[in-house]
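Here is a short briefing on one chain, to be read with the structure in view. It goes topic by topic, from single residues to the sheet and the aromatic rings.

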Amino acid sequence: MLTSSQKKYLKSLAMKTPNKYQVGKNEITDSLVCMLDKALIAKELIKIDLMKSVETPVNEIALDLSSKLNAEIIQVVGRTITLFRRNKDKPVIIFKK
């Protein structure tokens, strides 16, 4: 569980992170979950755009992805979801104390 200051720090990092992943009309597939899982292992913090063809509410998609990926939702802004999952072996993001 992240503290509020850690979430605030991750939000500031997310502002500089480009949106590299998209969810389209097929919504959540096994291949998408696998790809996002690998991205979380490598980067820990990812941003996902939902295309306009996605009819499911953004918050529902965010909750579904976070549960399937065992990740935390950092923020949902418009149709963009930011997820975080700590890499226990090789942490990429170091929190300030």
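E44 is buried, with a relative accessible area of 0%. The residue sits in the loop between α2 and β2. Its phi is near 70°, a positive value in a residue other than glycine. The model is predicted, and the values below are computed from it.

**Loops and positive phi**

- N70 also has a positive phi, near 55°, and is a residue other than glycine.
- N70 belongs to the loop between α3 (58–69) and β3.
- Buried or exposed: which is N70? N70 is exposed, at a relative accessible area of 63%. The cut-off for exposed is over 50%.
- E44, by contrast, has a relative accessible area of 0% and is buried, because buried means under 20%.

**N87 and its contacts**

- N87 lies in the segment after β4.
- N87 counts as buried, at 14% relative accessibility.
- Which residues does N87 touch, not counting those up to four places away in sequence? They are I41 and E44.
- A polar atom of the N87 side chain lies 3.1 Å from the backbone nitrogen of D89.

**The sheet**

- Four strands make an open sheet, in the order β1-β2-β4-β3. The pairing is mixed.
- β1 and β3 (72–77) are the edge strands, and each pairs on one side only.
- On average, neighbouring strands of this sheet are turned by 25° against each other, direction ignored.
- Strands of a sheet pair through backbone hydrogen bonds, either parallel or antiparallel.
- β1 (residues 21–23) and β2 run parallel, joined by three bridges. Here Y21 stands opposite I48 in β2.
- From β1 the chain crosses through helix α2 (residues 30–43) to β2. This β-α-β crossover is right-handed.
- β2 and β4 pair in the antiparallel sense, over five bridges. I46 stands opposite L83 in β4.
- β3 and β4 run antiparallel and are joined by five bridges. I73 stands opposite L83 in β4.
- L83 therefore has a partner on each of two strands: I46 and I73.**Cover on β2**

- How many residues of strand β2 (residues 45–50) are buried? Six of its six residues are, and the strand is mostly covered.
- Both faces of β2 are covered. On one side L45, K47 and D49 are buried. On the other side I46, I48 and L50 are buried.

**Helix α1**

- α1 lies across β2, β3 and β4. The helix runs at about 55° to β3.
- K16 is found in helix α1. K16 is exposed, with a relative accessible area of 70%.
- The C-alpha atoms of K16 and V33 are separated by 23 Å. The two residues are 17 residues apart along the chain.

**Aromatic rings**

- A pair of aromatic rings is described by the distance of the centres and the angle of the planes.
- How many aromatic pairs does a search of the whole structure find? The search finds two.
- The rings of Y9 and F95 have centres 6.1 Å apart and planes at 65°, so this pair is edge-to-face. The cut-off for that class is over 60 degrees.
- The Y9 and F95 pair links distant parts of the chain, 86 residues apart. Y9 is in helix α1 (residues 4–16), and F95 is in the segment after β4 (80–84).
- Y9 is partly exposed, at a relative accessible area of 23%.
- F95 is buried, at a relative accessible area of 16%.
- F84 and F95 form an edge-to-face pair as well, at 5.9 Å centre to centre and 70° between the planes.
- F84 lies in strand β4 and F95 in the segment after β4, so this pair ties together parts eleven residues apart in sequence.
- F84 is buried, with a relative accessible area of 4%.
- Y9, F84 and F95 form one aromatic cluster.

Methods:
Residues are numbered from 1 along each chain as its sequence is written. This is a predicted model: local features need pLDDT of at least 70, side-chain atom pairs count only at pLDDT 80 or more; totals for chains, interfaces and linings use all residues. Side-chain values use heavy atoms; hydrogens and water are left out. Rings of Phe, Tyr and Trp (its six-membered ring) pair if their centres lie within 6.5 Å; planes under 30 degrees apart count as stacked, over 60 as edge-to-face and the rest as tilted. Buried means under 20% relative accessible area, exposed over 50%, partly exposed in between (1.4 Å probe, protein chains only). A polar contact is a pair of N or O atoms within 3.5 Å; within protein, one must be able to donate a hydrogen and the other to accept it, and residues adjacent in sequence count only if both atoms are side-chain atoms. Contact means heavy atoms within 4.5 Å. Two strands pair if DSSP finds at least two bridges between them. A crossover is right-handed if, with the strands pointing away from the viewer, the path from the first strand over the helix to the second runs clockwise. Axes are lines fitted to C-alpha atoms, for helices over the stretch in contact, and angles run from 0 to 180 degrees between N-to-C directions.
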